[in-house]
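Take a moment to look over the sequence and the fold. We will walk through them together, one piece at a time.

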Amino acid sequence: MNKKAEAIQWSTVDYEHGSLYIAKTEKGLCYVGSPGQTFEELETWVNKRFPATVLIEDHSALKPYKDELYAYFTGTSRTFHLPVDVRGTPFQLQIWEALKQIPYGETYSYSDIAELAGKPAAVRAVGAAIGANPVLINIPCHRVIGKNGALTGYRGGLELKQYLLQLEAKYAGARL
């Protein structure tokens, strides 16, 4: 008996400096890509994380997620309510949940996230888990900076990280 392959729908979302690939499973958003990323990079990521899946371009299926991202980029929303489908180790999932606790417009250090996750000695492992976050922006790893306040590595690139932090600083005091 042939089992039907799981479908992952994808689209792109535009923002002020370009566009990002986004993808979802039937359970939720599973991927927000980096600026300048190619389709082949998305395909490689999907094949590694979701073997035996079919990638299908479907703008209407991603529209609710695109609308949430547009609302974020324009400052009309500070939170994301649609489901995500992230797959990782139990430790990675714990760290990604901790990232969601960082308030809009604020930054935490890697040490803060390690403390928040109850793993104060695991700062390097926390950094690796943050770097593996597949859903940029929605799971706000851009809000994590070095203990000294410096911008540190970001899968989306430091330019996007700085843009997102400046965007949040701009709208943090605004009333919705």
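Is A52 buried or exposed? A52 counts as exposed, because its relative accessibility is 66%, and the cut-off for exposed is over 50%. Keep in mind that this is a predicted model. A52 sits in the loop between α1 (39-49) and β4 (53-57). Its backbone deserves a look too. The phi angle of A52 is near 65 degrees. That is a positive value in a residue other than glycine.

Now step back to the whole chain. The protein has six helices and six strands. Read from the N terminus, the elements run β-β-β-α-β-α-α-β-α-α-β-α. The radius of gyration is 16 Å, close to the 16 Å that the globule rule gives for 176 residues, so the protein is as compact as a globular protein of that length. The C-alpha atoms fill a box of roughly 55 × 35 × 25 Å along the principal axes.

What about inside and outside? Of the 176 residues, 44% are buried. The protein exposes about 9,300 Å². Carbon and sulfur atoms supply 52% of that area. Charges come next. There are 19 positive and 18 negative charges, and their mean positions are 5 Å apart.

Contacts tell us how the chain meets itself. Take the contacts with a sequence separation of 6 or more. Residues 24 or more positions apart account for 60% of them. A few single residues will show such contacts.

Start with L69. It lies in helix α2 (residues 59-73). L69 is buried, because its relative accessible area is 0%, and buried means under 20%. Which residues does L69 touch, leaving out those up to four places away in sequence? They are V13, I22, F80, I137 and N138. Y21 offers a distance to check. L69 and Y21 are 48 residues apart in sequence, and their C-alpha atoms are 12 Å apart in space.

Two of the partners of L69 are I137 and N138. Both deserve a visit. I137 lies in the loop between α5 and β6. I137 counts as buried, at 0% relative accessibility. Its phi angle is near 75 degrees, a positive value in a residue other than glycine. Compare that with A52, where phi is near 65 degrees. A52 counts as exposed, whereas I137 counts as buried.

N138 lies in the loop between α5 (123-131) and β6 (144-145). N138 counts as buried, with 10% relative accessibility. What does N138 touch, not counting residues up to four places away in sequence? The list is L29, V32, E68, L69 and F80. F80 is also in contact with L69.

Next comes helix α6 (residues 158-172), where Y163 has its place. Y163 counts as buried, at 9% relative accessibility. Leave aside its neighbours within four places in sequence, and Y163 is in contact with Y15, E16, H17 and F73. Y163 and H142 are 21 residues apart in sequence. Their C-alpha atoms are 9.6 Å apart in space.

Y15 leads us to another helix. Its C-alpha atom is separated from that of L116 by 31 Å, and the two residues are 101 residues apart along the chain. L116 has its place in helix α4 (residues 110-116). L116 is partly exposed, with a relative accessible area of 42%. Beyond residues up to four places away in sequence, L116 touches A98, Q101 and Y108.

Finish with the cysteines. A disulfide is a covalent bond between the sulfur atoms of two cysteines. How many disulfides does a search of the whole structure find? It finds zero. Why does C30 not bond to C141? The closest cysteine sulfur to that of C30 is in C141, 15 Å away, so the gap is too far for a bond. A disulfide needs sulfur atoms within 2.5 Å. The view from C141 agrees: its closest cysteine sulfur is in C30, at 15 Å. Are these cysteines buried or exposed? C30 is buried, with a relative accessible area of 0%. C141 counts as buried at 4% relative accessibility.

Conventions
Residues are numbered from 1 along each chain as its sequence is written. This is a predicted model: local features need pLDDT of at least 70, side-chain atom pairs count only at pLDDT 80 or more; totals for chains, interfaces and linings use all residues. Side-chain values use heavy atoms; hydrogens and water are left out. Helices (H or I, at least four residues) and strands (E, at least two) are DSSP runs, numbered from the N terminus. The radius of gyration is taken over C-alpha atoms; the globule rule is 2.2 Å times the number of residues to the power 0.38. Buried means under 20% relative accessible area, exposed over 50%, partly exposed in between (1.4 Å probe, protein chains only). Contact means heavy atoms within 4.5 Å. Accessible areas come from the Shrake-Rupley method with a 1.4 Å probe; for residues, only the protein chains shown count as cover. Lys and Arg count as positive and Asp and Glu as negative; His and the chain ends are not counted. The place of a charge is taken as NZ of Lys, CZ of Arg, CG of Asp or CD of Glu.
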